[in-house]
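Student: Could we go through this protein together, a piece at a time? I'd like to start with how a pair of strands lines up.

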Amino acid sequence: MREFFIKKWLLVISFVLIAYAWGMIAKSESYSEPQEALLLKDSDLVLIPSYQLKDKALFFFIKKTNHIGAAYVEKGLFGWNAQMLTWSQMDMERGYEKLDDIKGHGDSLIYGLIRNGDERLVKIGESYATILDLAVILPPSEVENYRLEGLFIWYFEGHTSPNEEEITLINKITQEELDAYF
């Protein structure tokens with residue numbers, strides 16, 4: 001009977017030690033601010049904040065000079081943790097007059113760059129994308145250094161894959177369809 005209690009206590013002590021070790025690791029990978037979690041994961045990023053809710057934040061970023069990417073940061077028990085970072089190459093000519101370079105992150109986020117985003121709408125099925133003006137979000141020196149003048153990020157998040165919807169670029173004033181992507 002005594003051996004049974006000793007084994008039980010050893011099992012409980014082992015469980016407590018494993019839980020403590022897991023907690024310490026989780027705490028060491030958590031940060032007080034979401035951008036801090038991203039920059040400590042990769043310090044070579046120019047962050048473009050999209051939104052921050054109570055326990056979730058979305059960031060876009062420029063990596064080096066010719067890559068654009070996205071990342072979610074989630075708040076856990078010990079602080080903010082950066083999730084998967086994805087990025088792909090940007091068009092070196094920086095045309096972005098059409099929907100030629102649509103990017104994705106996970107199954108529910110699509111995004112891209114467009115020129116003159118204050119005059120355009122991006123429609124996904126029956127919904128509209130959010131459009132961010134890079135000249136408003138980033139310091140002028142970074143807009144110039146990364147050749148982002150006149151560029152806007154558009155993005156759309158959905159509960160299902162948005163890749164199954166038609167994506168249309170529309171002139172805000174005339175409602176003329178400028179481009180479509182299927």
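Tutor: Let us begin with strand β11, residues 167-171, which pairs with β12 in the antiparallel sense over four bridges. Please keep in mind throughout that this is a predicted model.

Student: Okay, and which residue in β12 is the bridge partner of Thr-168?

Tutor: That partner is Ala-180, so named here as the residue of β12 that sits across the bridge from Thr-168.

Student: What is the strand order in the open sheet of four strands?

Tutor: The order reads β8-β7-β11-β12, and the pairing in this open sheet is antiparallel. The edges are formed by β8, residues 127-128, and β12, residues 177-181, each of which pairs on one side only.

Student: Changing topic, how many residues of strand β10 are buried?

Tutor: Strand β10 covers residues 151-157, and six of its seven residues are buried, so the strand is largely enclosed by the rest of the structure. Buried, in this case, means under 20% relative accessible area.

Student: Which strands is β10 joined to by bridges?

Tutor: Strand β6, residues 109-115, is joined to β10 by seven bridges, and the two run antiparallel. Strand β9, residues 130-133, is joined to β10 by four bridges, and this pair runs antiparallel too.

Student: Can you give me a residue pair for each?

Tutor: For β6 and β10, Tyr-111 has Tyr-155 in β10 as its bridge partner, while for β9 and β10, the partner of Leu-132 is Ile-153 in β10.

Student: What about helices, which residues of α2 are buried?

Tutor: Helix α2 spans residues 34-41, and its buried residues are Pro-34, Ala-37 and Leu-38. These residues cover an arc of only 95 degrees around the axis, which puts them on the same side of α2.

Student: And what do those buried residues pack against?

Tutor: The buried residues of α2 pack against four strands, namely β1 (45-52), β2 (56-63), β3 (67-75) and β4 (80-89).

Student: Zooming out, how many helices and strands are there in the protein?

Tutor: The secondary structure comes to four helices and 12 strands. Of the 182 residues in the protein, 39% are buried.

Student: How much of the accessible surface belongs to carbon and sulfur atoms?

Tutor: The accessible surface comes to about 11200 Å², and 55% of that belongs to carbon and sulfur atoms.

Student: Last one: what share of the contacts join residues at least 24 apart?

Tutor: If we take the contacts between residues at least 6 apart in sequence, 52% of them join residues at least 24 apart.

Notes:
Residues numbered from 1 in each chain as written. Predicted model: local features only at pLDDT ≥ 70, side-chain atom pairs only at ≥ 80, totals over all residues. Heavy atoms only, no water. Pairing = 2+ DSSP bridges. Buried < 20%, exposed > 50% of the residue type's maximum accessible area, 1.4 Å probe, protein only. Arc of directions from axis to C-beta. Contact = heavy atoms within 4.5 Å. Areas by Shrake-Rupley, 256 points an atom, 1.4 Å probe, with all protein chains shown as cover.
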